[in-house]
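Me: I would like to learn how to read a protein structure, one feature at a time. Could you take me through this one slowly?

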Amino acid sequence: MIRKTMLSLGRHMSSMARGTTQVRRLLHGGYVRIHPSVQEALVEGRPVVALESTIITHGMAYPLNLSMAREVEEIVRTNGAVPATVGILRGQIHVGLTDEELEFLASSKNAVKVSRRDFPFVLSQGLSGGTTVSGTMIAAHKAGIPVFVSGGIGGVHRDGENTLDVSADLTELGRTPVAVVAAGAKSILDIGRTLEYLETQGVCVAAFGESREFPAFFSRQSGFQAPYHVRDEEEAAKLIDSALGLGLGSGVLIAVPCPQERAAQGQAIEEAIQQALSQARSKGITGKEVTPFLLQKLVELTDGKSLDSNLALIQNNARVGSCIAVALSKLQKARRERNLPRPGDMTAPQPVVIGGINVDFIAKAQNPDILGGGQTNAGRVRRTFGGVGRNLADCLSRLGQTPLLLSAVGKDEHLESVLHYCHHMDVSSILQLEGKSTATYCAVITSAGELSVGLGDMDIHHQITEHYVSQFKESLCQAPLVCMDGNVPLSTIQYVCQLAREHQLAELPSRLEDVVQAAVALACPLLAHLHCVVVTLGAHGVLLCGKSLGGSISLYPGAHEQTAAARLCAAHYPAIPIGREEIVNVSGAGDSLMAGILAGMLAKHDTDTCVRMGLLAASLSLRSYEPISPEISTSSVSQEQVQSRSWPEVKVWNMD
């Protein structure tokens with residue numbers, strides 16, 4: 001017997017003859033700018049390696065620092081990863097730099113050394129600077145980059161038991177889940193106490209290669225053993241994957257020794273260090289100025305041998321780190337593919353989502369005024385993936401529901417990227433059509449975030465035909481829930497609606513975008529045929545219209561249908577407050593909202609919990625560069641999360 005199913009039509013249609021196309025806007029965050037090549041790699045699941053910039057601004061003189069930075073980036077590319085040098089330019093964090101931006105930092109005379117504590121001041125004052133290990137870890141984690149290559153980490157300074165001079169790199173490793181690939185701790189530090197401090201912070205430290213000896217930057221030997229040991233890139237990737245998978249919130253340190261043929265002699269370096277330390281004390285040099293001073297002195301005292309070792313180990317770290325990032329990417333991809341649902345694996349019927357997949361290109365102007373007349377305007381262009389059907393299926397998948405997505409894409413240059421980005425979803429049944437173009441959308445946005453013009457090539461959505469969808473009739477009839485994008489062909493909508501009527505299924509639109517007054521006016525006639533209507537009100541929240549008994553509007557068909565006392569009401573649920581500066585992307589918030597509500601319904605939660613799960617999901621996506629936030633999960637959007645928060649009162653109006 002076909003179970004009672006709820007059918008969700010993805011969009012309000014201006015007429016039954018055609019669906020309307022959603023206008024998409026993307027608001028970039030004010031603090032972090034991710035280079036398009038880096039963002040594209042992250043979206044497609046390709047390996048990315050973060051690189052620090054204090055070595056550029058404070059570690060070497062110009063132009064050697066610039067050539068070193070270019071060489072390191074090229075080594076990362078050669079080994080199959082995308083480099084993402086992190087730096088601060090005029091008060092903005094950049095993850096990935098252009099060659100012009102690299103040269104700007106390399107030649108800057110006033111660059112600031114930026115660690116965790118320095119970000120608020122440097123950004124508020126519009127300054128430029130190089131990020132330390134600590135600062136780069138923060139930026140990498142915010143961008144979603146799990147592997148970061150550095151020369152060496154900071155640590156406990158010599159005589160640190162008296163001065164309490166301990167690098168913020170160590171505490172950052174204890175609270176930021178990023179793997180740092182470095183040549184151990186700088187040999188000018190107290191290596192033993194540094195390892196003890198890392199243990200206290202809960203940091204997993206492993207030596208890389210054939211020996212457990214913990215390297216000391218210039219030297220392959222420090223006299224101390226690392227707690228653990230990985231022999232190659234694959235073992236390192238497995239260790240990092242385990243650490244990230246556990247969700248401990250702490251980082252991993254992979255300590256890579258300097259190449260044997262370029263390693264400095266330990267005794268000679270030690271003598272030079274002691275002499276440099278003595279000079280630093282006599283000059284009264286303290287704090288974050290100590291390391292740059294000591295490194296420069298070591299170059300002088302060793303006749304450049306320490307600099308040769310420095311360059312060799314940085315290049316070696318870049319090679320090892322990029323190979324680790326590639327191995328980690330392959331490991332994660334293989335696990336995702338193993339976890340994908342396969343036909344016959346389902347123990348329970350899947351929800352079904354019918355709708356479009358889009359490749360979105362968002363161009364945001366840098367200047368307040370967009371010049372016409374064929375002129376080129378400076379700006380940033382990003383590629384993301386959207387489409388109402390894809391967005392709903394994405395969000396539901398992240399919430400543990402694994403819906404079957406029925407959609408269509410072209411066998412073109414976008415196909416591989418789309419499938420890779422949707423790796424966590426069941427896309428086994430989408431059409432892949434020769435000679436057709438995957439749907440694309442291009443939006444030009446002003447510097448204030450307002451849409452200037454949008455262009456869409458959505459013709460392939462017409463291929464989501466009645467004939468195609470009818471092949472999945474059994475899945476539709478058995479599904480606990482069916483969601484449909486209103487932009488698919490009218491005949492497809494009519495077919496699914498007819499299927500719903502034949503099997504006495506209820507119909508529920510998922511979005512009716514309008515203000516409250518117009519929403520109520522629109523909802524009244526619709527409620528003569530539909531069970532309830534969900535209206536998104538942007539920053540004002542959600543309006544739920546339907547039959548109420550005792551002040552509660554039911555999302556479930558049949559609950560109040562036969563009750564004479566039930567009345568038509570509109571219930572307003574205020575949105576979760578989000579500061580304007582926190583909003584990054586509005587394009588998937590409505591789809592996240594609806595998916596959160598649907599996930600609550602599938603879990604049989606009450607109306608208030610379902611709507612608030614939707615609001616939680618929407619708030620996460622508003623803060624994400626992607627239309628559907630990767631942070632959405634069964635733990636971040638759940639009944640427990642709803643119950644743990646205080647919520648504004650729900651206001652109810654009588655619609656009769």
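Reply: Let us start with a term that we shall need: a nonpolar core is a set of buried Ala, Val, Leu, Ile, Met, Phe, Trp, Tyr and Cys residues joined through side-chain atoms within 4.5 Å. Buried here means under 20% relative accessible area. Please keep in mind throughout that this is a predicted model.

Me: Which residues of the largest nonpolar core touch the most other members?

Reply: The general idea is that, in soluble globular proteins, nonpolar side chains tend to be buried together. In this structure the largest nonpolar core has 105 residues, and those that touch the most other members are Val 95, Ile 153 and Ile 254. Helix α13, which spans residues 305–339, gives the most to this core, with 11 residues. A second, separate core of 56 residues includes Tyr 421, Ala 571, Ile 583 and Leu 622.

Me: What is Val 95 in contact with, leaving aside its neighbours within four places in sequence?

Reply: The contacts of Val 95 include Val 32, Ile 34 and Val 38, and also Ala 84, Val 86, Ala 139 and Ile 145, while Arg 33 and His 35 are likewise among them. For the protein chain as a whole, among contacts between residues at least 6 apart in sequence, 73% join residues at least 24 apart. Of the 656 residues of the chain, 56% count as buried.

Me: How many helices and strands does the protein chain have, and how should I read a sheet?

Reply: The chain has 22 helices and 27 strands. As a general idea, strands of a sheet pair through backbone hydrogen bonds, either parallel or antiparallel. One open sheet here has four strands in the order β15-β14-β19-β20, with mixed pairing. The strands β15 (379–386) and β20 (451–457) stand at the edges, each with a single partner strand, so one side of each is left without a neighbour in the sheet. On average, and with direction ignored, neighbouring strands of this sheet are turned by 15° against each other.

Me: In which sense, parallel or antiparallel, do β14 and β19 pair?

Reply: Strand β14 (residues 358–365) pairs with strand β19 (residues 439–445) in the parallel sense, over seven bridges, whereas β14 and β15 run antiparallel and are joined by eight bridges. Lys 364 lets you follow both pairings, since this residue stands opposite Ile 445 in β19 and has Arg 380 as its bridge partner in β15. Elsewhere, Phe 361 stands opposite Cys 442 in β19, and Ile 362 has Arg 382 as its bridge partner in β15. Both strands are mostly covered, with seven of the eight residues of β14 buried and six of the eight residues of β15 buried.

Me: At roughly what angle do the axes of helix α20 and helix α21 cross?

Reply: Two packed helices are described by the angle between their axes and the distance between the axes. The axes of α20 (residues 589–602) and α21 (residues 607–622) cross at roughly 145° and come within 7 Å, and the crossing is right-handed. By class, their contact has 12 nonpolar, five polar and no charged residues. Leu 593 and Ile 597 are among the residues that α20 brings to this contact, and Val 611 and Leu 615 are among those from α21.

Me: What classes of residue make up the contact of α3 with α4?

Reply: That contact has four nonpolar, one polar and four charged residues. Arg 70 and Glu 73 in α3 are among the residues that take part, as are Asp 99 and Glu 103 in α4. The axes of α3 (residues 64–78) and α4 (residues 99–107) come within 9 Å and cross at roughly 145°, and this crossing is right-handed.

How values were computed. Residues numbered from 1 in each chain as written. Predicted model: local features only at pLDDT ≥ 70, side-chain atom pairs only at ≥ 80, totals over all residues. Heavy atoms only, no water. Axes fitted to C-alpha atoms, helices over the stretch in contact; angles between N-to-C directions. Helix = DSSP H or I, 4+ residues; strand = E, 2+ residues; numbered from the N terminus. Left-handed = near helix turned anticlockwise from the far one by under 90°. Contact = heavy atoms within 4.5 Å. Nonpolar A, V, L, I, M, F, W, Y, C, P; charged D, E, K, R; others polar. Buried < 20%, exposed > 50% of the residue type's maximum accessible area, 1.4 Å probe, protein only. Pairing = 2+ DSSP bridges.
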